[in-house]
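Let's take a walk through this structure, going from ring to ring, then to the charges, and finally to the empty spaces.

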Amino acid sequence: MAWRSDFLVFCMLMFFLVSTSSVVLGKPAVLNVKDYGAVADGKTDNSRAFLEAWEAACEQQGTSVITVPRGGKYYVRQVAFTGPCKGSITFLIQADLYAPTDKSSHTLTYWIKFGYVDYLTIAGLANLYGGGPSAWPYKGCGQGQECLQVVPHSLRLEFVNHAWVHHIGSIDAKDKHISIFQCQDVTLSDIRTTAPHDSPNTDGVHIAVSERVKILDSTFNTGDDCVAIFSGSKDVNISQSICGPGHGFSIGSMGKFPDEDPITKINIRNCTISHTDNGFRIKTWAVSSYPTFASDITVQDVMMDNVRNPIIIDQHYCPRGGCDPTVESQVQIKNLQIKRIWGTSTTETAVNLQCSSQKPCQGVELEDILLLFRNPEGGKLQPAVSSCAYVVGSSRGKQVPKPCI
């Protein structure tokens with residue numbers, strides 16, 4: 001992670017201003033949130049000051065830069081930065097932001113949201129502290145405990161086009177760290193998410209109904225999926241990123257609801273997945289009667305380090321049990337390429353492809369797989385195995401474990 005210097009921040013800002021000059025011309029307006037009443041004392045609610053700075057920037061015809069200056073801590077309650085705006089906006093966060101931790105904040109759907117905006121940059125070598133420890137005890141609680149529907153996403157983008165979010169950390173989100181919904185042309189780079197391995201539902205990045213999303217040079221240490229890709233996502237590229245702890249890179253779940261759009265053109269390349277429950281996973285609901293599909297997916301040049309399920313397709317996903325075993329998933333998985341995957345599995349079955357008998361997986365290609373079983377009891381490397389059901393495909397190159405297709 002490059003979190004080092006004022007010069008770097010300056011370079012990032014200048015790059016953005018130059019890159020957008022063809023869209024909006026003129027001298028950029030710089031708006032400091034302190035000029036709108038923001039106080040960096042860690043206890044004053046700054047949501048109103050931040051919003052007033054945003055509203056002023058949104059009215060500017062050219063490029064605007066909102067700065068949260070370094071020094072101190074900024075406490076911010078729920079805030080929504082909404083467009084459309086007259087020009088492009090850079091939100092430069094140079095000091096850490098802190099979310100509310102009272103119970104009334106646990107049931108909100110987001111903490112910080114940007115919506116209906118084009119040409120947006122969020123940057124700044126700072127962290128968003130989501131206050132997760134105050135909310136996690138109320139998730140999945142047992143009999144006799146107080147339960148709340150805890151859902152706040154720390155940073156949510158919806159209906160945002162042409163955005164770049166970079167050099168931002170998200171720590172201890174109550175729910176998702178970053179969610180992207182109904183967006184196009186979004187790049188996340190040098191993102192760092194951090195939460196305990198047992199923190200519930202803390203996806204690093206949650207993507208749905210969005211196109212042309214890139215995730216580059218990022219690190220995800222969290223309690224759920226590092227990146228979760230859902231219905232309606234198209235042309236998602238993940239590269240040069242590190243995942244773990246967490247649940248790996250996931251497509252789905254799919255097939256739970258009617259009229260789900262397909263997931264297509266997903267590329268995961270040059271990544272490291274370490275000490276996770278899963279490496280790469282596709283999951284569809286076991287009792288799904290709603291047809292849709294996932295296609296044109298490539299996973300290549302990925303190292304797996306002590307991953308429980310390095311490569312897994314689960315078309316019998318039923319996390320709470322009680323699913324009808326006679327009902328098969330109607331989600332079609334096709335055109336899946338898995339190439340040059342190596343490392344260690346903490347379970348004997350390193351490649352586990354369990355597809356639907358009603359919609360067998362089609363066009364699955366395995367190439368140059370080298371995965372060994374590291375026995376957790378003794379730590380010794382042993383041969384791994386593969387398991388397949390209802391898979392149509394091929395394998396070539398070096399194959400360890402022995403392929404099942």
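Which residues form one aromatic cluster? They are Phe50, Trp54, Tyr74, Phe81, Phe91 and Phe114. Before we go on, a word on what you're looking at: this is a predicted model, where local features need pLDDT of at least 70, side-chain atom pairs count only at pLDDT 80 or more, and totals for chains, interfaces and linings use all residues. Residues are numbered from 1 along each chain as its sequence is written, and side-chain values use heavy atoms, with hydrogens and water left out.

Back to the rings. A pair of aromatic rings is described by the distance of the centres and the angle of the planes. Here, rings of Phe, Tyr and Trp (its six-membered ring) pair if their centres lie within 6.5 Å; planes under 30 degrees apart are called stacked, over 60 edge-to-face, and the rest tilted. Searching the whole structure turns up 11 aromatic pairs. Take Trp54 and Phe114: their pair is edge-to-face, with 5.6 Å centre to centre and 70 degrees between the planes. This pair links distant parts of the chain, since Trp54 sits in helix H2 (residues 47–58) and Phe114 in strand S8 (residues 110–129), 60 residues apart. Helices (H or I, at least four residues) and strands (E, at least two) are DSSP runs, numbered from the N terminus. Both Trp54 and Phe114 are buried. Buried means under 20% relative accessible area, exposed means over 50%, and partly exposed is in between (1.4 Å probe, protein chains only).

Now find Phe81 and Phe91, two more members of the cluster. Their ring centres are 5.2 Å apart and their planes are at 50 degrees, so this pair is tilted. Phe81 belongs to strand S5 (residues 79–82) and Phe91 to strand S6 (residues 89–93), so the pair ties together parts 10 residues apart in sequence. Phe81 and Phe91 are both buried.

Rings can have charges for company, too. Lys334 lies over the face of Phe293, at 4.6 Å from the ring centre. For a charge to sit over a ring, NZ of Lys or CZ of Arg must be within 6 Å of the ring centre and within 35 degrees of the ring normal.

That brings us to the salt bridges (a side-chain nitrogen of Lys or Arg within 4 Å of a carboxyl oxygen of Asp or Glu). The count comes to 14 salt bridges. One of them joins Asp102 and Arg77, at 2.8 Å from N to O. Asp102 is in the loop between strand S7 (97–98) and S8, and Arg77 in the loop between strand S4 (73–75) and S5, so the pair ties together parts 25 residues apart in sequence. Asp102 is partly exposed, at 28% relative accessibility, and Arg77 is partly exposed too, at 26%.

Arg156 and Glu158 also form a salt bridge, with their closest N and O atoms 2.7 Å apart. Arg156 is buried, at 17% relative accessible area, and Glu158 is buried at 14%.

Then there's Asp185 with Arg212, whose closest N and O atoms are 2.8 Å apart. Strand S11 (residues 184–194) holds Asp185 and strand S13 (residues 211–216) holds Arg212, so the pair ties together parts 27 residues apart in sequence. Arg48, Glu52 and Glu55, for their part, are linked in a network of salt bridges.

What about the gaps? Rolling a probe the size of a water molecule over the atoms shows where empty space is left. On a 1 Å grid over the protein atoms alone, a cavity is a set of points where a 1.4 Å probe fits but cannot get out, while a pocket is an open set with protein on both sides within 12 Å along at least five of seven lines; lining residues have an atom within 4 Å of a point. Grid points are joined across faces, edges and corners, and a volume is the space filled by probe spheres set on the points. The structure has four cavities of 30 Å³ or more, and the largest has a volume of about 70 Å³. Some familiar names turn up in its lining, including Phe50, Phe81, Phe91 and Phe114. S8 gives the most to this lining, with four residues.

The largest pocket holds about 960 Å³ of space. Its lining has 28 residues, with Lys176, Asn201, Phe230, Tyr317 and Arg320 nearest its centre.
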